[in-house]
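Hi everyone, and thanks for making time this morning. I'd like to walk you through a structure that is new to most of us, so please have a look at it first.

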Amino acid sequence: MGRVTAPEAFSPEGIADTDSESGAAQQVLHRVFGYDSFRGEQGAIVDHVVAGGDALVLMPTGGGKSLCYQVPALVRRGVGVVVSPLIALMQDQVDALSALGVRAGFLNSTQFPDERRTVEAQFVAGELDLLYLAPERLRSEATMQLLDRGTVSLFAIDEAHCVSQWGHDFRPDYLALSVLHERWPQVPRIALTATATEKTREEIVQRLDLGGARRFVADFDRSNIQYRIEPKNRADRQLLEFIRAEHPGDAGIVYCLSRNSVEKTAAFLTENGVSAVPYHAGLDNRTRAQNQARFLREDGLVVVATIAFGMGIDKPDVRFVAHLDLPKSVEGYYQETGRAGRDGLPSTAWMVYGLNDVVQQRKMIDSSEGDAAHRRQLQLHLDAMLALCETVSCRRARLLAYFGQNTTGSCGNCDTCLTPPESWDGTVAAQKLLSTVLRLERERGQRFGAGHLIDILLGKSNPKIVQHAHHELTVFGVGADLRDTEWRGVVRQLLAQGLLAVRGEYGVLTLTEASDEVLFGGREVRLRREPERAVKQARSARGPKAAADLAPADVAIFEKLREWRAATAKEQGVPAYVVFHDAALRDIAALKPRDLTELGTVSGVGENKLARYGEGVLATLAEV
Ligand code: ADP
Ligand code: ZN
């Protein structure tokens with residue numbers, strides 16, 4: 001049986017007395033974590049692993065994977081060994097567990113030898129409930145022998161998709177994890193991931209030898225996240241407006257494709273009064289670690305990052321994830337947006353996307369290394385992403401369908417549900433555009449990009465037009481019925497639908513086989529009309545989003561509690577959320593408990609936290 005150290009926490013005997021293991025798990029959930037009930041599949045997973053079974057767990061980011069191995073590790077005898085690639089975050093994970101009264105340690109390359117020896121001794125003596133291990137440790141015989149000397153209650157393999165060679169997070173060290181089963185066949189293993197396409201699943205099962213494991217596929221819907229994709233004009237201004245209108249003072253992640261735009265965007269936000277830090281692989285290790293630590297520890301900081309940022313960031317109160325560039329795949333998009341709102345409170349996944357994104361990504365695929373099959377794969381990923389962007393139906397339904405989950409109707413919490421876009425018959429517009437491309441293609445050796453084409457359609461004369469005598473083309477000016485931005489929308493959508501292609505370094509537009517069907521075969525083209533104004537949710541401007549549904553008087557209490565939390569976290573050198581999550585503070589502000597017993601009924605307030613922080617909370621409440 002695992003144990004918790006702090007004297008004020010429950011006594012392990014208390015658990016041993018319960019008549020079933022299921023009862024023991026409930027008690028741990030309640031007393032250690034302060035939660036009332038398991039969510040979704042959690043209960044079934046915990047029971048299965050507590051009973052010694054192997055499990056493969058597919059759950060979206062923020063779905064609650066950690067409890068699936070933490071609770072069994074506390075219920076079963078011995079130490080739960082967690083294999084995780086997230087070395088930089090191990091300290092925070094251990095801190096968060098310690099705040100709950102759980103005895104945790106880690107072994108990785110960032111430690112001094114004597115620190116490592118201490119943890120090893122604790123492990124052997126059974127003085128830990130959980131041990132976090134970097135995967136490369138398992139390649140050394142010394143680690144194997146260490147594990148033999150203690151008692152392992154279970155192996156948890158976090159971020160299990162890292163074993164997949166075709167995924168984007170492949171870690172060679174993960175391949176060595178098959179040894180776990182060979183060497184300790186009696187120890188249950190639980191592999192967890194949020195990347196869940198069929199192909200990845202099969203690869204995990206095969207490489208980790210999990211054929212006999214029970215599979216748990218959770219509901220992938222993250223209903224608290226609002227999905228929005230808007231046309232891109234000036235991305236940085238749009239972002240600023242979005243943050244000011246909907247997320248002032250909130251923590252958020254902004255994703256950009258290049259290091260350069262990361263730097264620029266972070267500087268732009270800072271200049272305009274939004275605290276923001278950059279994060280990308282080009283920064284030196286120290287600055288990067290510092291920025292990450294600030295993001296985790298401070299309230300309301302925005303991090304502008306390349307996709308190098310985020311795996312394993314389990315900060316629960318990230319209120320928005322913004323994409324200023326198009327992600328390369330729906331998997332990537334879903335993982336990245338999933339980092340918003342792990343605490344279940346309302347959050348936004350917001351993206352701007354435009355013609356250049358499509359052109360740029362297609363070019364990148366064309367010039368990418370690897371064989372034709374590989375390029376084809378990238379192409380398919382991009383097509384799925386584009387289809388999501390251009391859809392006139394519910395975004396959530398599309399996303400879930402991509403992960404094999406069928407839903408009915410519309411979700412009511414995405415832009416297409418909130419402001420249904422119209423679709424229009426774009427056949428004539430498409431024909432005008434495609435016949436212009438056709439004419440230009442006939443001029444051998446001369447290839448032109450979207451801007452030039454649109455100028456021809458609009459009948460705009462400029463030196464380049466005159467130089468090539470394009471004002472003499474019959475199509476010159478035939479598209480004056482649409483505006484410049486509308487034409488860009490047409491080009492973008494034709495590209496997305498494969499009715500137009502882009503080639504070469506300069507983003508030259510060319511016809512495809514399918515273009516012929518539009519030009520000569522009478523094929524109809526449906527296009528999405530951009531809503532005149534992007535969705536503006538009626539949102540309270542009075543405070544951070546997490547407090548959105550509180551009564552005005554309670555918002556002040558919530559803010560007061562946040563101040564207390566910030567000071568406490570700083571004093572103890574831990575991230576604010578390790579003290580309490582926003583969700584717990586919000587519930588406290590609404591309930592206004594008068595004593596410790598009442599405070600203990602709030603979700604997220606377990607016994608250890610009650611003992612450690614209870615008086616501080618009550619004193620803060622007494623002040624307002
Ligand atoms: P994942 O690892 O799947 O991304 P986490 O394990 O970080 O998700 O959990 C996401 C959030 O949900 C955390 O803030 C966690 O405390 C909370 N949570 C998980 N399970 C429960 C539960 N049964 N009741 C209440 N909150 C929960
Ligand atoms: Zn919807």
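Let me begin with one term: two strands count as paired if DSSP finds at least two bridges between them. Please also keep in mind that this is a predicted model.

With that in hand, look at strand β3, residues 104-107. How many bridges join β3 to strand β4? There are 4, and the two strands run parallel, with β4 covering residues 130-133. Within this pair, Gly-105 sits opposite Leu-131 of β4. To get from β3 to β4, the chain passes through helix α6, residues 113-124, and this β-α-β crossover is right-handed.

Are the residues on the two faces of β3 buried or exposed? Ala-104 and Phe-106 on one side are buried, and so are Gly-105 and Leu-107 on the other. Both faces of β3 are therefore covered, taking buried as under 20% relative accessible area.

Now let's zoom out to the sheet. It is an open one, built from 7 strands in the order β3-β4-β2-β5-β6-β1-β7, with parallel pairing. At its edges are β3 and β7, the latter spanning 214-217, and each pairs on one side only. On average, neighbouring strands here are turned by 20° against each other, ignoring direction.

At the β7 end, the partner is strand β1, residues 55-58, and 4 bridges link the two in the parallel sense. One of the details to find on your screen is Leu-58, whose bridge partner in β7 is Val-217.

There is another open sheet to see. This one has 6 strands, ordered β8-β13-β12-β9-β11-β10, and again the pairing is parallel. Why do β8 and β10 each have one side without a neighbour in the sheet? Because β8 (225-231) and β10 (276-279) stand at the edges, each with a single partner strand. Here the average turn between neighbouring strands is 15°, direction ignored.

Inside that sheet, strand β12 (residues 318-323) runs parallel to strand β13 (residues 347-353), and 4 bridges join them. Val-321 faces Ala-349 of β13.

Last stop: a pair of helices. Helix α13, residues 330-337, packs against helix α16, residues 395-402, at an angle of about 115°, and their axes are 11 Å apart. The crossing is left-handed. From α13 come Val-330, Glu-331, Tyr-333 and Tyr-334, which meet Leu-399, Leu-400 and Tyr-402 of α16. By type, the residues of this contact are 6 nonpolar and 1 charged, with no polar ones.

Thanks for listening!

Definitions and conventions. Residues are numbered from 1 along each chain as its sequence is written. Chains are lettered from A and ligands numbered from 1 in the order in which they are written. This is a predicted model: local features need pLDDT of at least 70, side-chain atom pairs count only at pLDDT 80 or more; totals for chains, interfaces and linings use all residues. Side-chain values use heavy atoms; hydrogens and water are left out. Buried means under 20% relative accessible area, exposed over 50%, partly exposed in between (1.4 Å probe, protein chains only). A crossover is right-handed if, with the strands pointing away from the viewer, the path from the first strand over the helix to the second runs clockwise. Axes are lines fitted to C-alpha atoms, for helices over the stretch in contact, and angles run from 0 to 180 degrees between N-to-C directions. A crossing is left-handed if the near helix is turned anticlockwise from the far one by less than a right angle, and right-handed if clockwise. Contact means heavy atoms within 4.5 Å. Ala, Val, Leu, Ile, Met, Phe, Trp, Tyr, Cys and Pro count as nonpolar, Asp, Glu, Lys and Arg as charged, and the others, Gly among them, as polar.
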